[in-house]
Amino acid sequence: MDSLLCGRLLAAGNEVLGLGDLFTGLCLNIDELLDNRRFELMWHDVIWCMLVPSMDSPTHSGYIDPWDHEALDYRGLSDRDGVLVKPDGSGYPVRGGVARFIGRDPLDDWILKCIGVVRATEGPTQSQASVESFGFQWNWDSNPRTEEDLLWRVATRFGLDPAVFSDKRVLDAGCGAGAQSEFLAKAGAQVSAVDLSSAIDVAARRPELRDARLAQGDLAHLPFANAAFDIVYCEGVLQHTAATEPILAEFSRVLVPGGMLLATHYLRPEGVLRTACWVAHEGLRSLAKRLPREWLFLASGVAAAAALVPGLGWPLRKTLVPTNVRMPTLKATWSNVYDSYGQHEFQRHLRLDEYFGAVRAAGFTSVEQPGAEVAPWRKKFDGDRTP
Ligand SMILES: C[S@@+](CC[C@H](N)C(=O)[O-])C[C@H]1O[C@@H](n2cnc3c(N)ncnc32)[C@H](O)[C@@H]1O
C-alpha cells in the first residue's frame with residue numbers, strides 16, 4: 001500500500017482502508033491521511049502498532065516488556081517493532097529489533113510524534129562523521145574476521161576459555177557488525193549489544209542474535225539498568241570515543257559487583273621506530289580523513305592490495321598498512337586499512353599508566369593484562385559498586 005495512492009483515492013471520494021506496510025515507504029502526506037475521516041489504517045503484520053492512538057482494536061495495544069528494564073515500558077505489536085516509553089513520557093523507537101536510543105531517522109521521529117512521545121535526548125558523544133564512517137565500514141564488510149581470529153580476540157588473548165561466557169549476561173559494547181556478539185551468543189551468553197552506527201542493523205540481521213537485546217546508542221549513556229551484566233566486553237572501541245573515563249564509569253555502573261570487564265585500548269607505542277611509524281600514520285590519517293569517502297576507500301583498497309604483494313609489500317606491512325595474519329584476505333585487509341585511516345573523529349592512544357589509572361578510577365579493583373598487542377585487558381570488579 002502506498003500513502004500517496006491513498007491520498008489520490010480519498011481525493012476521488014473513496015473510503016480507504018490502509019493495510020499493513022503502508023509506512024515502510026514514503027509517507028509524505030501522512031498527516032492529511034490521518035486527519036481524513038474516510039481513512040482508516042489496520043496492521044496485520046510486524047508493523048508499528050502505536051501509530052494511530054485513536055484506533056483501539058486489541059491488535060493495536062500489545063504490551064510487551066522484552067527489556068526487563070527498570071526505567072522503560074515497551075509498547076509494540078511485536079518484539080521487533082514498537083516504542084520504549086519512559087515514565088516521564090519521553091521515549092525511543094524500536095525498529096527492526098533494535099532500540100534506537102540515538103539516531104535521527106525521519107521515520108522514527110515521525111512515529112514518536114504520532115503517538116505523542118517526545119524523544120529522550122541523551123547523547124550522542126560522537127560526531128556524525130564517525131557514525132557514518134563506521135556505519136559504512138561495517139555495512140560494506142560485515143564479516144572480516146575468521147573463526148580463528150574471533151576465538152583469539154574474544155577469549156584466548158584474555159586467557160579465557162569461551163565456556164566462561166555460558167549463561168552469563170554479556171554486553172558487547174560497540175559491537176560493530178556483531179561478529180563478536182555472535183561468537184558470544186554461540187558460547188552460550190545472553191547477549192546485549194550496543195553500537196552508535198548503522199552497523200547495529202547488520203548485527204540485527206544475524207540469526208544467532210535474534211534473541212539478543214540490541215540498541216543503537218551511545219556507550220557514554222548506556223540504556224541499561226545498574227548491575228545488569230556479568231561481563232562487559234568492549235573490543236576496539238574505547239580509543240574511538242571522545243573520552244575513556246565516562247564510558248568506563250558506565251561499564252562499572254552496569255556490571256554486577258564482582259563482574260568482569262574485558263576491554264582493549266590503543267596504547268602509545270614504545271621505542272623510536274614504533275613511535276616514528278605511529279607519528280607518520282597519525283599524520284597521514286589526519287590528511288586522509290579529509291578526503292571524500294570514496295577516495296579514502298579506494299586508496300585503502302590500493303594500499304591493502306600493495307601490502308599483500310609477497311616480498312614487495314613487506315615495508316608497507318611493517319610501517320603504515322595494518323595487516324592481520326588471522327584475517328589474511330584482501331577484503332579483510334582493505335577493511336582494516338579503512339578502519340585505521342577512516343573518517344572517524346577520534347583515534348586516541350593512551351600510556352599504560354593512564355589506562356590503568358582510568359580503569360581504577362572507575363572502580364575496578366583488580367586489573368590484569370594477560371596479553372600484549374593492542375592492550376587487551378581483563379579487569380575484575382569486586383566489592384560494592386557506587387554508581
Ligand atoms: C573499530 S569498530 C569495532 C567494532 C567491534 N567491536 C569489532 O571489533 O568488530 C568501533 C565501533 O565502535 C562504535 N562506537 C564508537 N563510538 C561509540 C560510542 N560512543 N557509543 C557506541 N558505539 C560507538 C562504532 O560505531 C564502531 O562500530
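In this predicted model, the ligand is surrounded by 23 residues, of which F134, G174, G176, L196 and S197 are the closest. Three elements each give two or more residues to this shell, namely helix 4 (128-140), helix 6 (179-186) and strand 9 (190-195). Sorted by class, the residues around the ligand comprise 10 nonpolar, nine polar and four charged.

Helix 6, one of the elements that contribute to the ligand shell, is largely enclosed by the rest of the structure, because seven of its eight residues are buried. The buried residues of helix 6 are A179, Q180, S181, E182, F183, L184 and A185. Their cover includes helix 5 (147-154), strand 8 (169-173), strand 9, helix 7 (199-204) and strand 11 (229-234), and strand 9 also gives two or more residues to the shell around the ligand. Just after helix 6, the backbone at G188 adopts a positive phi of about 100°.

The chain as a whole contains 13 helices and 14 strands, and 39% of its 387 residues are buried. Among contacts with a separation of 6 or more, 62% join residues that are 24 or more positions apart in the chain.

Two helix pairs are set out below.

| Helix pair | Axis distance | Angle |
|---|---|---|
| Helix 10 (residues 293-307) and helix 12 (residues 330-341) | 8 Å apart | about 125° |
| Helix 8 (residues 244-254) and helix 13 (residues 352-361) | within 9 Å | roughly 40° |

With an angle of about 125° between their axes, helix 10 is oblique to helix 12, and helix 10 passes helix 12 in a right-handed crossing. On the side of helix 10, the contact is formed by L296, F297, S300, G301, A303, A304, A305 and A307, which meet L330, T333, W334, V337, Y338 and Y341 of helix 12. The residues of this contact divide into 11 nonpolar and three polar, with no charged residue taking part.

Helix 8 and helix 13, whose axes cross at roughly 40°, are likewise oblique to each other, and their crossing is right-handed. Here T244, E245 and L248 of helix 8 meet A358, V359 and A361 of helix 13, a set of residues that splits into four nonpolar, one polar and one charged.

Note on methods. Residues numbered from 1 in each chain as written. Predicted model: local features only at pLDDT ≥ 70, side-chain atom pairs only at ≥ 80, totals over all residues. Near = placed C-beta within 6 Å. Helix = DSSP H or I, 4+ residues; strand = E, 2+ residues; numbered from the N terminus. Nonpolar A, V, L, I, M, F, W, Y, C, P; charged D, E, K, R; others polar. Buried ≥ 20, exposed ≤ 12 C-beta atoms within 10 Å, placed from the backbone. Contact = placed C-beta atoms within 7 Å. Axes fitted to C-alpha atoms, helices over the stretch in contact; angles between N-to-C directions. Parallel < 35°, antiparallel > 145°, perpendicular 65-115°, else oblique. Left-handed = near helix turned anticlockwise from the far one by under 90°.
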